[in-house]
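Trainee: Could you take me through one part of this model slowly, a single helix and how its two sides differ? I'd also like to hear about the ligand's surroundings afterwards.

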Amino acid sequence: MQKFDVIIIGAGAAGLMCALTAGYRGRNVLLLDNAKQLGRKILISGGGRCNFTNQNIEPAAYLCRNTHFVKSALARYSQWDFIGMVERHGIEYHEKTLGQLFCNESAKDIVTMLTTECEWAGVKIQLRTEILQISKQQQGFGLSTAEGTYQCDSLVIATGGLSMPKLGATPFGYKVAEQFGLQVLPTTAGLVPFTLQPEDKERYEQLSGIALPVIATAECGKQFKEAMLFTHRGLSGPAVLQISSYWKPGEKVGFNLLPETSFVDWCNTVTQESPKLSFKNALSRLLPKRFVERLVELGDLPEKNLNQLGKGEIQQIADYLHNWQIAPNGTEGYRTAEVTLGGVDTDELSSKTMEAKKVPGLYFIGEVMDVSGWLGGYNFQWAWSSGYAAGEVV
Ligand code: FDA
């Protein structure tokens with residue numbers, strides 16, 4: 001039986017941050033993972049460039065049943081702290097849009113940085129280790145694995161959520177929570193493309209590949225102004241991924257297809273300038289031509305010249321374009337989701353340390369908890385901040 005001060009299960013973003021933080025405090029740390037490679041989600045994130053944080057991190061950008069829960073950890077290890085580490089390692093980065101920070105070269109730089117820090121902090125990393133059983137002992141926890149048995153004072157669960165099972169996502173963390181009597185809130189896929197009802201799929205599937213800027217609005221009132229993309233399965237793009245986290249089955253999503261233009265004003269001006277221009281050609285100046293043609297073909301928009309449009313009709317078109325409604329059939333699910341909504345209930349955990357209130361010495365960090373962020377570096381920041389919070393006390 002090998003003894004460690006701290007054992008962390010899950011060598012992803014949160015586990016690595018927790019391990020290096022605890023290691024620098026002089027704790028004897030073992031970081032375990034069942035995969036062959038650590039940090040796999042970091043490696044594929046951000047199209048291989050890892051959107052590692054966001055300049056505009058704020059608690060309001062997180063979904064969690066207790067909206068105040070994230071405040072303490074985000075304040076104590078902020079985006080600026082992580083950016084500081086990235087800069088100390090000489091990793092070049094840039095802002096892509098909306099405060100989102102990406103590596104100039106490769107997401108590998110972030111994994112190398114974290115593993116180097118773990119090495120400097122004296123962390124022992126062991127991959128390909130399947131955890132068979134966890135037991136509470138008089139002092140601390142016992143772990144039996146396929147590689148042997150271990151004992152630790154503090155046990156940290158950092159095994160992530162259910163998104164992307166092909167990258168090794170497992171429900172392990174939820175099972176551990178349940179084993180110790182902690183509540184796990186129901187999980188669903190978040191930051192995920194929508195699939196369409198069969199009739200809408202037929203209407204729009206030929207538009208696959210078309211992208212346009214929109215404001216997407218969920219029934220709860222949440223809005224995102226970003227791009228929407230038609231795919232052969234349904235709808236994707238940042239605006240759709242963002243709003244998917246606020247969508248519930250059966251609800252509609254509204255899209256303002258002309259977020260920068262008042263259709264009525266624009267239509268009146270163009271009609272004055274070119275009254276005989278076809279409405280279709282005129283609107284194709286504002287929206288992708290193929291999209292406009294399809295909406296006309298479907299009879300949703302009129303096949304007329306501008307001067308043939310009456311005032312009421314112009315208002316009707318404005319209502320349609322400024323609030324184009326879709327009732328998704330569902331989402332693509334965990335297969336393509338970037339995050340998992342729900343998870344270990346934060347009411348069970350300390351917001352300062354991530355320790356389970358009922359089980360001293362047991363900690364949950366990262367995506368396994370009921371905390372999910374917006375698209376754009378918010379989820380990694382939660383992994384860094386929650387990992388640090390636990391790493392400071394384990
Ligand atoms: P994470 O999933 O990173 O790590 C969990 C670890 O636990 C893994 O190493 C896994 O192998 C291990 N594990 C699981 N089950 C185990 C078991 N039974 N035994 C032992 N080990 C086990 N976020 C962001 O902020 N910016 C971005 O650019 C992206 N991009 C992105 C792209 C894609 C395709 C996905 C799927 C996700 C993103 N994300 C993202 C989200 C981000 O990757 C995610 O929120 C964090 O990786 C969560 O960090 P964790 O450490 O909690 O889990």
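Mentor: Happy to! Let's settle one term before we begin: a residue counts as buried when its relative accessible area is under 20%, and as exposed when that value is over 50%. Keep in mind too that this is a predicted model.

Our helix is α5, residues 108-120. At 1.5 Å a residue, its 13 residues should span 18 Å, and the end C-alpha atoms are indeed 18 Å apart, so expectation and model agree. Within α5, the buried residues are Ile110, Val111, Met113, Leu114, Glu117 and Cys118. Looking down the axis of α5, you find these buried residues within an arc of 160°, which means that they line one face of the helix. Turned away from that buried side is a face carrying Lys108, Glu119 and Trp120, which are exposed. Just past the end of α5, Gly122 has a positive phi of about 75°.

Now for the ligand. Its shell has 31 residues, and Ala14, Asp33, Thr170, Glu367 and Phe380 come nearest. A backbone N or O atom of Ala14 sits 2.8 Å from a ligand oxygen, while a side-chain N or O atom of Asp33 is 2.6 Å from an oxygen atom of the ligand. For Thr170, a polar side-chain atom lies 2.7 Å from a ligand nitrogen. On its own the ligand has 1000 Å² of accessible area, and the protein covers 93% of that. Helices α1, α2 and α13 each give at least two residues to the shell, with α2 supplying the largest share, 5 residues. By type, the shell comprises 13 nonpolar, 13 polar and 5 charged residues.

Note on methods: Residues are numbered from 1 along each chain as its sequence is written. This is a predicted model: local features need pLDDT of at least 70, side-chain atom pairs count only at pLDDT 80 or more; totals for chains, interfaces and linings use all residues. Side-chain values use heavy atoms; hydrogens and water are left out. Helices (H or I, at least four residues) and strands (E, at least two) are DSSP runs, numbered from the N terminus. The expected span of a helix is 1.5 Å times one less than its number of residues. Buried means under 20% relative accessible area, exposed over 50%, partly exposed in between (1.4 Å probe, protein chains only). The arc is that of the directions from the helix axis to the C-beta atoms. A residue is near a molecule or strand if one of its heavy atoms lies within 4 Å of it. A polar contact is a pair of N or O atoms within 3.5 Å; within protein, one must be able to donate a hydrogen and the other to accept it, and residues adjacent in sequence count only if both atoms are side-chain atoms. Accessible areas come from the Shrake-Rupley method with a 1.4 Å probe; for residues, only the protein chains shown count as cover. Ala, Val, Leu, Ile, Met, Phe, Trp, Tyr, Cys and Pro count as nonpolar, Asp, Glu, Lys and Arg as charged, and the others, Gly among them, as polar.
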